[in-house]
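Got your viewer open? Load the model, switch on a cartoon view, and keep the selection box handy.

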Amino acid sequence: MSENVRTETVTDHRWHTPEEYDEATGRLQQRNAALVARLHPDPDSVRRAYEVGCGTGALTEELAHVLPKARITALDVSDDMLRLARNRGLAPDRVEFRLGSFLEDDHTTDGRNVSAAEDGGYDAVFSNAALHWLHPHYTEGFARIRRLLAPGGLLCAAAAGRTAAADAFDHRIEEATRGVLPNGDGSSFNRRRLTAADVVDLADAAGLAVDDVFVVERRRTLPAPAYATWWVASGGPWSADRPEAHEAVRVLTEALGGARTEVELVHVSTCMVLRRPA
Ligand SMILES: C[S@@+](CC[C@H](N)C(=O)[O-])C[C@H]1O[C@@H](n2cnc3c(N)ncnc32)[C@H](O)[C@@H]1O
């Protein structure tokens with residue numbers, strides 16, 4: 001993991017549209033969002049919550065139900081994704097969507113600059129399927145999360161996880177796409193993956209205690225075109241140099257063996273509950 005601190009705002013999301021993202025990833029992300037929203041052991045105690053990488057708002061909607069007393073600030077770097085999140089019509093007096101990069105954005109509940117703030121004052125920070133996009137700036141990202149949390153506050157999150165099956169799956173995609181999709185090989189995603197041990201190390205470096213860390217592996221068999229759509233829709237801010245999404249789906253489908261091929265998707269999440277010591 002790099003110690004470098006680099007800030008960037010990624011706004012070019014033509015790799016996928018938010019509608020395609022919801023269509024392709026819906027069932028898996030919905031299950032993970034429901035899981036992450038319920039990681040907090042005492043939801044009634046949460047008055048101020050922050051969400052990193054809310055996307056189209058699947059987790060935000062769960063949080064609005066599970067945290068009835070909380071004001072929720074939900075951040076995403078993509079205004080396209082936020083457009084769909086805002087369309088959910090979640091309690092506007094309690095839920096605020098913000099556009100910005102977590103690595104640049106400075107938030108506290110009272111508007112102070114978080115990098116200068118001792119205490120961001122949030123009772124909990126939540127995130128589903130977004131923390132791995134902080135790669136290679138994990139050290140900075142987890143330090144920011146600590147600063148956002150009030151003493152005793154919890155990070156409840158799931159990020160892309162690593163298991164032997166996930167590595168084998170990434171390798172297969174890497175082989176299938178090598179030379180046919182620029183910057184789109186599986187390895188570029190693989191290096192983002194976090195093991196439970198990585199999370200323990202990051203928590204340690206950030207001064208967070210580990211209340212819980214565990215890995216969830218889900219498998220689903222999909223026709224190659226559905227898998228290709230999912231892969232492209234989940235691509236996120238990888239690279240500016242890439243084909244249009246529909247072309248990437250076509251190329252990847254062919255590379256996997258054609259439209260009649262079945263692909264076993266391995267979806268791994270490393271889930272964590274980390275605590276800022278009181
Ligand atoms: C795979 S989506 C997950 C969205 C949502 N949490 C869900 O469960 O469906 C990852 C999201 O993280 C956002 N993201 C990536 N890097 C980010 C950053 N540095 N700051 C804020 N959001 C970021 C992307 O725009 C995208 O919407």
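What follows is a walk through some strands, a ring cluster, a loop and a helix.

Before clicking, some ground rules: this is a predicted model, so local features need pLDDT of at least 70 and side-chain atom pairs count only at pLDDT 80 or more, while totals for chains, interfaces and linings use all residues. Residues are numbered from 1 along each chain as its sequence is written, and side-chain values use heavy atoms, with hydrogens and water left out.

**Stop 1: the strands**

Select residues 71-76, which make up strand 2. Helices and strands here are DSSP runs (H or I over at least four residues for a helix, E over at least two for a strand), numbered from the N terminus. Five of the six residues in strand 2 are buried, so the rest of the structure largely encloses it. Buried means under 20% relative accessible area, exposed is over 50%, and partly exposed sits in between (1.4 Å probe, protein chains only).

Now add residues 48-52, strand 1: it runs parallel to strand 2, with five bridges joining them. Two strands count as paired if DSSP finds at least two bridges between them. To see one bridge, pick R48 and its partner in strand 2, R71. Follow the chain from strand 1 through helix 2 (residues 58-66) to strand 2, and you trace a right-handed β-α-β crossover. Right-handed means that, with the strands pointing away from you, the path from the first strand over the helix to the second runs clockwise.

Next, add strand 3 (residues 95-99), which is parallel to strand 2 and joined to it by five bridges. Here D76 has L99 as its bridge partner. The route from strand 2 to strand 3 goes through helix 3 (residues 79-87), and this β-α-β crossover is right-handed.

**Stop 2: the rings**

Show Y50, F102 and Y122 as sticks: ring pairs link them into a cluster. Rings of Phe, Tyr and Trp (its six-membered ring) pair if their centres lie within 6.5 Å; planes under 30 degrees apart are stacked, over 60 edge-to-face, and the rest tilted. By that rule, the count is three aromatic pairs. Y50 and F102 make a tilted one, at 6.0 Å centre to centre with 55° between the planes. Y50 sits in strand 1 and F102 in the loop between strand 3 and strand 4, so this pair ties together parts 52 residues apart in sequence.

How accessible is F102? At 6% relative accessibility, F102 is buried, and Y50 is buried too, at 0%. Y50 and Y122 pair edge-to-face, at 5.2 Å centre to centre and 75° between the planes. Y122 lies in strand 4, so its pairing with Y50 in strand 1 ties together parts 72 residues apart in sequence. Y122 is buried, with a relative accessible area of 2%.

**Stop 3: a loop with odd geometry**

Jump to the loop between strand 4 (122-128) and helix 4 (138-148), where you'll find P136. A cis peptide bond joins H135 and P136, with omega about 5°. Also in this loop is A129, whose phi is positive at about 60° although it is not a glycine. A129 is partly exposed, at 21% relative accessibility.

**Stop 4: T253**

Finish in helix 9 (residues 245-255) by selecting T253. T253 is buried, at 6% relative accessible area. What does the side chain of T253 reach at 2.7 Å? The backbone oxygen of V249. Skipping residues up to four places away in sequence, T253 touches A224, P225, A228, G258 and A259, where contact means heavy atoms within 4.5 Å.

Terms used
A polar contact is a pair of N or O atoms within 3.5 Å; within protein, one must be able to donate a hydrogen and the other to accept it, and residues adjacent in sequence count only if both atoms are side-chain atoms.
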